[in-house]
Amino acid sequence: MERMQQVVGRARAAFNSGRCRSLEFRMQQLKALERMVQEKEKEILAAIKADLHKCGHNAYSHEILGVLGELALAMDKLPSWAAPQPVKKNLLTMRDEAYICPEPLGVVLIIGAWNYPFVLVMQPLVGAIAAGNAVVVKPSEISENTARLVADLLPQYLDRELYPVVTGGVPETTALLTQRFDHILYTGNSTVGKIVMAAAAKHLTPVTLELGGKSPCYIDTDCDLAVACRRITWGKYMNCGQTCIAPDYILCDPSIQSKVVENIKVTLQEFYGEDVKSSPDYERIINKHHFKRILGLLEGQKIAHGGESDEASCFIAPTILTDVSAESKVMEEEIFGPVLPIVTVKSVDEAIEFINRREKPLALYVFSNNKKLIKRVISETSSGGFTGNDVIMHFFLSTLPFGGVGNSGMGAYHGKHSFETFSHRRACLIKDLKMEGTNKLRYPPGSQKKVDWAKFFLLKRFNKTRIGLIALALLGIVAAVVIKVSSGSLLSV
Amino acid sequence: RGRLRVHLRATWLSGKTRPMEYRVAQLEALGRFLDEKKQDILEATAADMGKVRGIRAYFTEILLCKNELNDTLNNLCHWMKDEHVDKNLVTQLDSAFIRKDPYGVVLIIAPWNYPIHLFLVPLIGAIAAGNCVVVKPSETSKNTERLVAEMLSCYLDNDCFAVVTAGVEETTRLLENKFDYIFFTGMSRRVGRIIMTAAAKHLTPVTLELGGKNPCYVSDTCDVQNVARRVAWGRFFNAGQTCIAPDYVLCSVEMQEKLMPALREAITEFFGSNPRESPDFGRIVGDKQFRRIRALLCSGRVAIGGQTDEKERYIAPTVLADVLPSDPAMQEEIFGPILPIVVVANMDEAIDFINARPRPLAIYAFSCDSKVRVLERTSSGGFCGNDTLMHVTLTSLPFGGIGNSGLGKYHGKFTFDTFTHHRGCLHRNMGLEALNALRYPPYSQQKLGLLTATFEIKRKGTCTLL
């Protein structure tokens with residue numbers, strides 16, 4: 001508890017010193033972070049491999065490439081993101097300066113998850129630094145190699161007081177959450193999400209919660225099944241199914257169910273060969289606890305493919321379940337593993353109804369040649385994000401906000417959205433101390449005349465041409481003068 | 001209560017609130033409510049806030065609301081549209097956009113000081129965003145609460161919008177239900193915490209518009225009379241019961257000397273020699289609040305005003321001089337017609353004073369020289385230089401707090417955005433599968449090389465991502 005107080009206290013003092021406000025300082029830190037990712041690439045890949053049995057290709061493309069991209073974007077755009085934005089003015093404020101000033105929030109907390117242990121702390125960190133905050137980073141203790149590495153590396157490259165790393169498990173995180181932060185970004189599950197928000201509530205701290213859920217994947221009968229199934233297979237079994245936006249389950253017409261299974265089987269062969277266990281490209285379950293949990297979901301199910309497992313290495317083969325009932329255990333919680341249930345529905349209407357009866361998911365996928373059908377599903381459902389005719393891909397476009405809704409979370413980040421998440425947009429109006437004349441309209445004593453002029457100024461539903469504006473401004477001054485004269489009070493302009 | 005919730009949720013699932021025509025019709029009905037029930041609204045607010053001339057109420061409860069309504073109606077079509085976003089190399093042929101989805105059934109809890117405005121402006125945004133809405137007006141402003149409960153249902157679709165009247169206990173029970181968004185305006189940080197804690201149980205996002213002590217720094221170089229008028233106007237508006245009112249003044253001892261007669265003159269100009277008889281000066285909303293504010297008078301010394309009348313809940317426009325940071329008036333948000341002046345040596349001391357305290361909803365600074373160092377060296381919800389209150393009348397500026405003064409923002413498009421889930425959507429092509437080959441296993445060094453090449457991360461100019 002005391003240690004947490006010290007760490008956060010130091011970060012706050014460092015923030016209050018004002019050194020992270022300058023853009024040069026933030027750029028310097030971002031550049032250092034970029035150097036870290038480039039220079040320590042080998043170590044980072046090794047840590048991820050130790051945690052998740054992830055091959056270099058996947059680790060690089062999932063975790064390093066994305067971070068480098070965010071860094072490049074932030075460094076390129078920081079001056080424009082951080083600049084004050086002038087806003088549209090009304091008649092009353094015509095002569096004033098009105099703008100929104102993006103400002104840092106203060107000391108923010110980033111709590112990472114174990115499934116993509118590097119990118120899920122790094123990507124938010126980039127945004128938080130760019131926005132000028134001090135950041136406490138708490139990587140997930142479950143992916144312990146990456147956590148240790150992050151704790152080692154960050155202080156070697158970044159300002160140690162402003163960006164401390166805190167390691168530890170539940171007790172340490174609980175202690176950390178009693179401290180006051182100015183924003184908390186948490187990636188993880190809904191149960192802990194509620195705990196984080198409740199802790200944040202004590203300090204009125206805004207939160208971004210990147211949670212999960214069961215992301216449905218509807219396959220229409222009118223679609224290229226081979227292509228659809230290849231894309232789904234890629235997204236489902238990457239990282240051994242341990243992806244928050246993996247297609248959790250499939251909804252399709254019973255008539256195509258067996259074709260879907262066949263296509264996925266063919267693709268699995270293509271991807272991982274005959275013996276999946278010996279493929280260097282197939283990952284493992286993070287630990288025994290999750291291994292047992294996922295195996296438990298197979299109970300009583302029709303296994304159309306896969307089902308093999310090996311506890312010693314936490315290996316679970318890519319598995320497909322057919323004719324799954326909506327009430328079964330595998331359809332209750334987010335699977336987060338390489339098990340793909342297929343639930344049959346007779347129509348897109350039934351699919352939409354099925355989806356809407358459940359909690360809003362983090363992602364929603366639809367495969368169809370029929371554009372109208374895709375549009376319809378988007379319009380009649382709700383989800384954090386959506387990809388049509390593919391899976392996962394909306395995550396990689398940083399101009400799209402990435403986040404959940406309802407049980408799958410609140411808030412969003414990536415690209416500019418990260419910067420905005422970690423900024424306070426402060427409204428600024430700078431007026432002139434002179435020109436007191438127009439202010440007279442609002443001062444007591446009140447009069448009907450004043451009210452009429454106020455209406456005139458505020459309720460502008462007319463076409464504002466340039467001449468019109470000048471004429472109105474003049475009119476406003478005339479009005480003020482008229483009122484002054486009629487009320488006989490002194491005017492000092 | 002339970003039936004109401006079930007009913008609203010059923011309507012929400014039916015999709016009734018989503019088409020633009022429906023939203024426009026409801027918003028126009030709100031406009032008619034403001035026009036047709038104007039007299040009733042002014043009478044109710046007068047009964048709640050002291051029988052003053054309806055000008056102030058007209059301005060805040062009718063005019064400003066209509067302003068927001070017009071802004072929304074003028075722009076709704078544009079706000080609702082899918083926002084297409086820049087694409088990267090891999091998504092060039094796809095459709096990428098942000099869809100504006102309503103949250104569902106939202107709850108708006110309003111306070112008593114601007115009882116119509118503070119539920120109506122959020123309501124405008126919530127309806128514009130396509131939600132079903134439960135409105136809970138304040139039970140403290142009883143007359144307005146009754147008016148809203150009785151009359152709003154005659155204008156809005158009762159399938160989608162409901163008014164709930166509730167005291168503290170019932171509100172607590174109301175909060176046990178799941179809402180898809182909660183918008184709360186109130187003074188109390190404690191209540192803000194209670195709301196957010198209740199929201200956490202359902203993972204409901206919130207906007208909390210709270211309060212704080214809004215400092216008002218007056219530099220030595222300024223036109224004293226104009227400053228006095230603007231500060232007095234902001235402080236004594238609605239008898240001080242405004243969340244963004246200048247709560248206290250920070251200035252040098254010389255400026256305090258100069259301000260005093262100027263403030264006295266401004267108060268007389270506004271309210272006459274006996275403000276009690278002015279039709280433009282309000283009353284304190286209730287006995288409890290009256291007693292709380294009266295107790296703050298023993299701070300510093302009463303330089304102007306100080307008279308009170310418990311029966312009328314009248315507290316004269318009061319200025320306290322030489323107030324110390326330890327005085328009662330500096331311990332809580334005043335929310336009444338008392339303006340303490342705290343003397344500081346210079347601007348640096350003023351800034352340190354402000355930064356040593358929780359971040360307020362607004363900061364005001366008056367100065368004739370163009371440096372706005374107070375702005376740069378402090379943090380607050382909003383900032384207004386050389387005036388008070390006015391930044392909230394511009395709908396293009398976001399209105400909200402930071403830290404203890406709240407989270408979230410609204411007004412204009414920001415209200416619409418508050419009640420909207422911004423959903424990232426990517427609509428891809430089923431063809432061109434060959435392009436995807438780089439991402440599929442089995443992997444090789446060659447594949448990774450090609451992948452990295454397509455990722456080409458440039459520092460300047462475009463940044464193309466996978």
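This tour proceeds through a predicted model, from chain B as a whole to a shared sheet and then to single residues.

**Chain B overall**

Select chain B first. Its secondary structure amounts to 15 helices and 18 strands. Along the principal axes, the C-alpha atoms of chain B occupy a box of roughly 85 × 55 × 35 Å. Of the 466 residues in this chain, 64% are buried. The accessible surface of chain B is about 16,800 Å², and carbon and sulfur atoms contribute 53% of that surface. Colouring by charge brings up 56 positive and 51 negative charges in chain B, with mean positions 5 Å apart. When contacts in chain B between residues at least 6 apart in sequence are counted, 71% of them join residues at least 24 apart.

**The sheet across both chains**

Show both chains and select the strands in the order E9(A)-E12(A)-E13(A)-E8(A)-E7(A)-E14(A)-E15(A)-E18(B)-E2(B)-E1(B). These ten strands form an open sheet with mixed pairing. Which strands stand at the edges? They are strand E9 (302–305) of chain A and strand E1 (83–84) of chain B; each has a single partner strand, so one side of each lacks a neighbour in the sheet.

Within this sheet, select residues 216–219 and 363–367 of chain A, which are strands E7 and E14. The two strands pair in the parallel sense over three bridges. A:Tyr218 is placed opposite A:Val366 of E14(A).

Next, add residues 225–237 of chain A, helix H9. This helix lies across E7, E8 (249–252), E12 (319–322), E13 (339–344) and E14 of chain A, and it runs at about 135° to E13(A).

**A covered strand in chain B**

Return to chain B and select residues 132–136, strand E4. Is this strand mostly covered or mostly uncovered? Strand E4 of chain B is mostly covered, with five of its five residues buried. B:Cys132, B:Val134 and B:Lys136 point one way, while B:Val133 and B:Val135 point the other way. B:Lys136 is thus among the buried residues of E4(B). Extending the selection to residues 105–109 of chain B adds strand E3, which pairs with E4(B) in the parallel sense over five bridges. B:Ile108 has B:Val135 as its bridge partner in E4(B).

**A:Ala59**

Select A:Ala59, in helix H4 (residues 56–82) of chain A. A:Ala59 has a relative accessible area of 0%, so it counts as buried. Leaving aside residues up to four places away in sequence, A:Ala59 touches A:Leu45, A:Ile48, A:Lys54 and A:Ile64. A distance monitor to A:Thr267 gives 21 Å from C-alpha to C-alpha, across 208 residues in sequence.

**Backbone features in the loops**

Most residues other than glycine have a negative phi, and most peptide bonds are trans. The final selections depart from these patterns.

- A:Asn239 has phi near 60° and sits in the loop between H9 and E8 of chain A. Its relative accessibility is 0%, and therefore A:Asn239 counts as buried.
- B:Asn238 has phi near 55° and sits in the loop between helix H9 (224–236) and strand E9 (248–251) of chain B. B:Asn238 is buried because its relative accessibility, 7%, is under 20%.
- A:Pro444 and A:Pro445 are joined by a cis peptide bond, with omega about -5°. A:Pro445 belongs to the loop between helix H15 (436–439) and helix H16 (448–458) of chain A.
- B:Pro441 and B:Pro442 are likewise joined by a cis peptide bond, with omega about -5°. B:Pro442 belongs to the loop between strand E18 (420–427) and helix H15 (445–455) of chain B.

Technical notes
Residues numbered from 1 in each chain as written. Chains lettered and ligands numbered in written order. Predicted model: local features only at pLDDT ≥ 70, side-chain atom pairs only at ≥ 80, totals over all residues. Heavy atoms only, no water. Pairing = 2+ DSSP bridges. Helix = DSSP H or I, 4+ residues; strand = E, 2+ residues; numbered from the N terminus. Contact = heavy atoms within 4.5 Å. Axes fitted to C-alpha atoms, helices over the stretch in contact; angles between N-to-C directions. Buried < 20%, exposed > 50% of the residue type's maximum accessible area, 1.4 Å probe, protein only. Areas by Shrake-Rupley, 256 points an atom, 1.4 Å probe, with all protein chains shown as cover. Lys, Arg positive; Asp, Glu negative; His and termini not counted. Charge placed at Lys NZ, Arg CZ, Asp CG, Glu CD.
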